[in-house]
Each structure stands twice: as C-alpha cells, then as structure tokens.
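Work through the following exercises with the structure open beside the text. Each task is followed by a solution in steps.

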Amino acid sequence: MSTKSLASPARKRQLGAERNTEPLSTVHAIPSDAKITWGRLAIVITVAAWITYVVYTVVRQFLNNGTESFRFTTEAISYLVVVTFLTFSALMYLVARQGALQRFRDHVRVPRAELDKHFSAAHQDMTVLVPSYSEEPAVVRKTLWSAALQEYPSLRVVLLLDDPPFPSDPAVAARLETSRRIASGIADDLRAPRERAVDALLSFEGEQLLHDAVLPSDVRRLAHAYLDAADWLQAMADEEDRTDHVDTFFVEQVLGALADDLRVTADALEGALAVDESPSAERMLELHRRLVWIFSAELETFERKKFASLSHEANKAMNLNSYIGLMGGRFRREQSPDGVILRPAGLDEKADYEVPDAGYLLTLDADSLLLREYCLRLVYFLEQPDNERVAVTQTPYSSFRGAPTRIERLAGATTDLQHIQHQGMTHYGATFWVGANAVIRKPALEDIVEVETVGGFEVRRYVQDRTVIEDTESSVDLGLHGWTLVNYPERLSYSATPPDFGSLIVQRRRWANGGLLILPKFWRQIRARKRAGHPVGLGEIMLRINYMASITWASFGLVFLLAYPYDSRLLSPVVLLAALPYFIAMGSDLRYSGYKFTDIFRIYGFNLILLPVNLAGVFKSLEQAISSKKIPFARTPKVRNRTAAPLLYVVAPYAIVVFSVLTFWRDFGAQNWGNAAFAALNASLASWAILANIGIGPSLVDVWLGLTKWLYVDRKPVAAAATVAAGVDVAPTADQAVGDPAVEDESVDWRSVLYHGNPADPEIARSSTTRRRASGVRERGRGRREHSTRRRESVGAERSAA
C-alpha cells in the first residue's frame, strides 16, 4: 500500500485561507419554518421591487419627459433590459434555493439495514468509469480507492487513461507508467482483506448448515472480522502522506470514516453478546456480505488511443463513449498499419478481449472522491417503484475544506452554493447532470445513443461531444426520450476546486462555453413533451434557461453597467431593493455552508475579475455556432506547480480597475452620484480580488510569458509505432518513411498499401511520390557514380598503355 507519488509539493498556505478541514454533515440540516418563510418573502420582494421599478421609474420618466431624445429612450430601454435579466437570475437563485430548503426538510434517510436487505436479495452490476488525461498519479490513485471501497455487491472500476500511449518525454512516460500500475496495485492490496472476508462468510454459512440458531461464537467471530477490516484500513490510513487538504480528506473521510464505521458495528455486536443476545441469522449473513462487498471490486485500466478502431477525439465524452460502446461485447485483436483494431468476435470464435456489461454506470472525474455509501444509496433510490424512469441520479459535489489559497477557498464557496442550487432545481424537475459524478442507467444511454460510421468503424455517441459541457446536453437528450434526472439530497461526493487563477480560467471558460448551443435542443424538448401530453412546467423552463444562458446575459449586462454612463434619472433605490434579497440569501447560504456572510463581497470581486473569462467562453460558443467546429477540452499549462494565466486574462482585471477609477472620477465631477458609487465599489472589490487571488508577482510572470511566448516553438514529439504495446512489429507508414535512413531502400510499404489501397489523400500520395522520387534520385546518383568510376579506370588504363 505504498503512497509515494509524483505529485507536486503542498502549496504554501496563504493568509486568509481556510484551516478547518472538517467537511459539512452528509445529511443537510433541517431548515426552520422561519427560514423557509423568509425565503418565500425574498421571492415576493424581488418581484415586487422589479415591478415597482418598471412602473414608477421608467414609465414615469417617459410620461413626464416623453421621448425627449433618442439617446435617453435608448438608454432607458437598454437599462431596463439589463436590470430585468440580472433580476431574473437573482430570482432564479431564490427559487432554486427555496426548492432546496423544502427538499432538505422532507428528506428521510434510509436505515443501513434496509440497504443491506435490499442488495442481499437482488442487484445489478455497476461499472465505474474514471476518465483521466494527464492527471497526477497520486490524484487518480485516491479517486480509484474511493470508488473501489464502495460498499456495492458487484463493482468494476475502470480507469480510462486518455494520455498519448507512447510519449517521447521520459518524465511523461514515467508518469504514464505509474498511472498504468495504479489499478493493478489496488487490486493486489484488496486481495488479502477480501480473502479474509470471504473465508469468514463461508465459515458462517457452514456453521448455519450445522446449527439453525446464531451462536455467540458466530457473533464474536464476526465482530473480530469487522475489527480486522477496520485495523487494515487504519493501517493504510497511517501510511498515507498528508501533503494537502485533499490528502487529509482521503485519510480521514474515505479510509478513517469507513474504519470507524466498521468499529462501531463491531462494538454493537459485542454489545449484543454482553446482554446475551444476537442478531438474526439473516442480519448476520447481511453483515458478512457487507465485508465482502467492501473489498471485492475488480479494477482495470483501458486506453482507447491504443486502438485504431476507436475514436481519438480530444474530449472526455468520447473517452467515455469509446468504452461504453464496447460493453457487453467480445472482440478479436487485429493488427493493421494504423494500430490494433478491435473486431467483434463471432459466437464460435475465440475472443481476445471481453468487456462485461452492467446495468448501471458511475462516471467519476479523476479528481473526485466518493464517500462509502454513495453507490448503495443512489442505486437503492433508482430501484424504488416510483423511479423507473429516472436515468441519472447524483449528489452534486461539494468542495474539500481547508483550502490553502484564498482563490481556492472562494472557488470552493461558489461550488458549495451551486450544490444547494442543484438540489433545489430537482424540486422543479430541472435537474442537470453534473459530470463530476453520476449513477446512470445503461438502458437510458442506449435510448439516446447516436451511431455513425467513421473511417469504416462504428462510432457510438451516448454522451454528446458537440460542446465541452457534455453533461448538460445529455440532460436535454434524456428529457427528449422521457427520462428524468434527480439530485440525491445528501453530501456524498467531493471534487477539487482550482487552486490558482490560471487553472480557474481553464475551468470557468469551459463552463461558459456551450449553453447557448444547447438551448435550441431544449426548445425541441418543450414542444415534444407538449405533444406527448406532458408539458414542461414554467418553473422548469425558467430554471433551465437561466442555467444555460445566464452567464451570457449576466456578462454582457455587467459590461454595459461598467462601461456606459447611464443617465442618473434611471437609477433608483428600488433596483437595490430588488437585488438585496439575493445578496442576503447568498450570505445566509454561505454561513450555512461554513463560510462568512461577508464573503458575498469577495465573491462579487471574484466574479468581476472573471468577467473577461466568461465573455471569452460566450464568444467561443458563438464561434462554434457559426463554424460548427467542435471545441476540444482546454489543458492547463503549468509553471512550477502553478497554472499560467493567458496574457489577456491577466491584463483585463487591471483594465477593469483602471476604467472603474476613471469612471468614478468622471461621474464624481459630474455629480452623477449613483454611477460614481457603483464605479467606486467595482474598483475597490476588483482591486482586492486581484491582490488576494492573482497577486502582483504572478501577474508579472504571466505577462512576461504572454509577451515572450511567440519566441518559442514547441518541439515535435518523435513518432512512435502505434503497435509497440501489442508486441507486433509493423513497417512504418509512408509518412514515417520519408527521410528515414532505415527505410530509404524500401520501395513500397506493402502493409500500408494492402490496407489503405491507393491513397486518395493528396498529402499521403505526395509523401509516397516524394519517397519514390527520392529513391529514383538515389538510383540515378548511384548510376552516375558507377559511370564516373568506370570512366576513370578506363582513362588510367589508356595512360598506362601509352
């Protein structure tokens, strides 16, 4: 159970960061009646304030002054549009929050004995898919362990490595090899405790054949088995490194909490013996099976890029789709010049590779961790009589506590606010699949699959890869086929938040890209459900539209408020009254989630410096809508354990501060007090956000990198044979042969010709022609040299004779 990793050293803790690493309670606290009542009142105040503003401010200005000028009319209309959209987003926050409070109040946790009884009777297999690209092995290892220790009867965990399989960089190759060994290492570690648990189960079943009653010795042996398992987990936890707050969570909440739970069960069994009682034979059997479930996961590593017949598109969706498309199949490995091909094996043929099918899939990001009962509770929910049409259930992830940097703490705060929002959206049937973790019915994915043939091979798309927010689009696809989605009202999953400004840019730019592209599909769903007699409710429509498009209108609206000097007559305290319930509710939710009420100001400044990032994501969506070109996942460039921020996103926050200061100076001189106060607020909070979350030093480094980046040229990796891993030597392709001394004398790459035929691609044909021409030049050169040699020998002979 070695814990040595290639991970970066722990980050230096900043002043104002978080020190408490204790997570929030798994079960949400029951909100009081007063809290729910105030939430309803906040919704009423927001709506009433907006109506008041429209009627008594804008309409009054038109009635009193008429359309005095085109400029004033345009300003009034645009200002009303901006205020309306921003108020709508605030209202949707309050509405979703109210739904969450009602769900937390009504939720009743299922007792553990009921879970054990349910899964002892019948269950479907589950496959956990963990897509990973260039992740640190230590991060992936913790994620796989949290999945492998799930207390589920039949579990298979597959690491979907998407790194290039033959890297030329030795450091990258070493990291990849370490990642490849993680799954087998965990499987080896699980073998010993699993064998002990199985032996205990078989021993108890043997005793039951001899004795109908449960003997005290049976209870004592079971208690010792639980203590042995707890000690094994605790020994593993003691060997783990604790370099950061995520390591602490893994040790204390994944390993330690499971060990404590097993000890509590052992103590309960000892308590039964103390009063000369014992559990029933059925309960004893369930408790034995639970121990076996904990340690019985199967683990595998799969790399789609080793196979030429699978999609290599650079996104997480196709990484998932490639493996899901193989599930339940038997395949033969066939070598080709392009690499290994997986061909379906017939019933009478021997298969080289088989992929078991499963009734449930669990998709899990490589930087996420699950608590021990995640699978049991979510699958139990899916298998209740009223939930046959629920396709996806999940617990929207929470953040790891104890973040060492201020920006990670704020990013975690927004994550925990989103957890509450997603829980509330389920109340109105507006759930979206959040891709970090989710339990999915396999038949639901079969309903939405799209099949096409690319290059002679079948490509199956279960999860759409048209946008980089594949989970959002898949949610709409499932709704079109009559499936629903539900967020389970507990905290059972956790995921990492960006620790620095550069990585935050990568994440938030991706989040801002794609929502506009999915809206048309949602409109089709509304029409389809109306025709089917199941119309979409108004609450669901508003929440879904806000979820997909609010980044767009909020970003543009904030730009208008920052940049344009609106007439002071359009400003009104009623606008502030409309926004006040939103900020008070957010502050209350922050305190409920373990943060400070005053963090609302930090989050506002945080969002100000992210404004250019959100706008970039929106423009990328518009570009994709026009060009119909897919956007690959953005990768995070590292600068000594820090992600470098692009030049534009470093300079833009400073530009916002400068512009806000100039706006304040201008409006202060013009006695436009409302705009001056707004500009002063923006300048102050944006300045604080820059100093606290970006830093002057990192800003200068990133600016220098941005200005000098054009001077550097990426070194092209050395081409590697695509079939080295398969142990088969294949001749280089035509492209590889050009200029290669080792193959210059080969006139034809016969394997490539027989496989591809005469290349229709001009580039391939040109490469082959170039090689043949080079060969011809060498032959002609050789002939000229031989002719010159013979001529010199002839002249020499004539001179000797003379």
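**Exercise 1: a strand and its partners**

In this predicted model, Leu 362 has Val 439 in E11 as its bridge partner.

Task: Determine in which sense E7 pairs with strand E11 (residues 437-441), and over how many bridges.

Solution. Step 1: Tyr 360 is opposite Arg 441 of E11. Step 2: Counting the whole pairing gives five bridges between E7 and E11, in the antiparallel sense. Step 3: Strand E1 (residues 126-132) also pairs with E7, but in the parallel sense and over four bridges. Met 126 has Tyr 360 of E7 as its bridge partner.

**Exercise 2: the sheet**

Task: Give the order of the strands in the open sheet and name its edge strands.

Solution. Step 1: The seven strands run in the order E3-E2-E1-E7-E11-E9-E14, with mixed pairing. Step 2: Strand E3 (298-302) and strand E14 (484-487) each pair on one side only, and these are the edge strands. Step 3: From one strand to the next, the twist averages 20°. Step 4: Helix H11 (residues 374-382) packs on this sheet and touches E1, E7, strand E9 (390-394), E11 and E14. The direction of H11 makes about 150° with that of E9.

**Exercise 3: burial of E7**

Task: Explain why strand E7 (residues 360-364) counts as largely enclosed.

Solution. Step 1: In a regular strand, side chains alternate between the two faces of the sheet. Step 2: On one side of E7, Tyr 360, Leu 362 and Leu 364 are buried; on the other, Leu 361 and Thr 363 are buried. Step 3: Five of the five residues are buried, so E7 is largely enclosed by the rest of the structure.

Note on methods: Residues numbered from 1 in each chain as written. Predicted model: local features only at pLDDT ≥ 70, side-chain atom pairs only at ≥ 80, totals over all residues. Heavy atoms only, no water. Buried < 20%, exposed > 50% of the residue type's maximum accessible area, 1.4 Å probe, protein only. Helix = DSSP H or I, 4+ residues; strand = E, 2+ residues; numbered from the N terminus. Pairing = 2+ DSSP bridges. Axes fitted to C-alpha atoms, helices over the stretch in contact; angles between N-to-C directions. Contact = heavy atoms within 4.5 Å.
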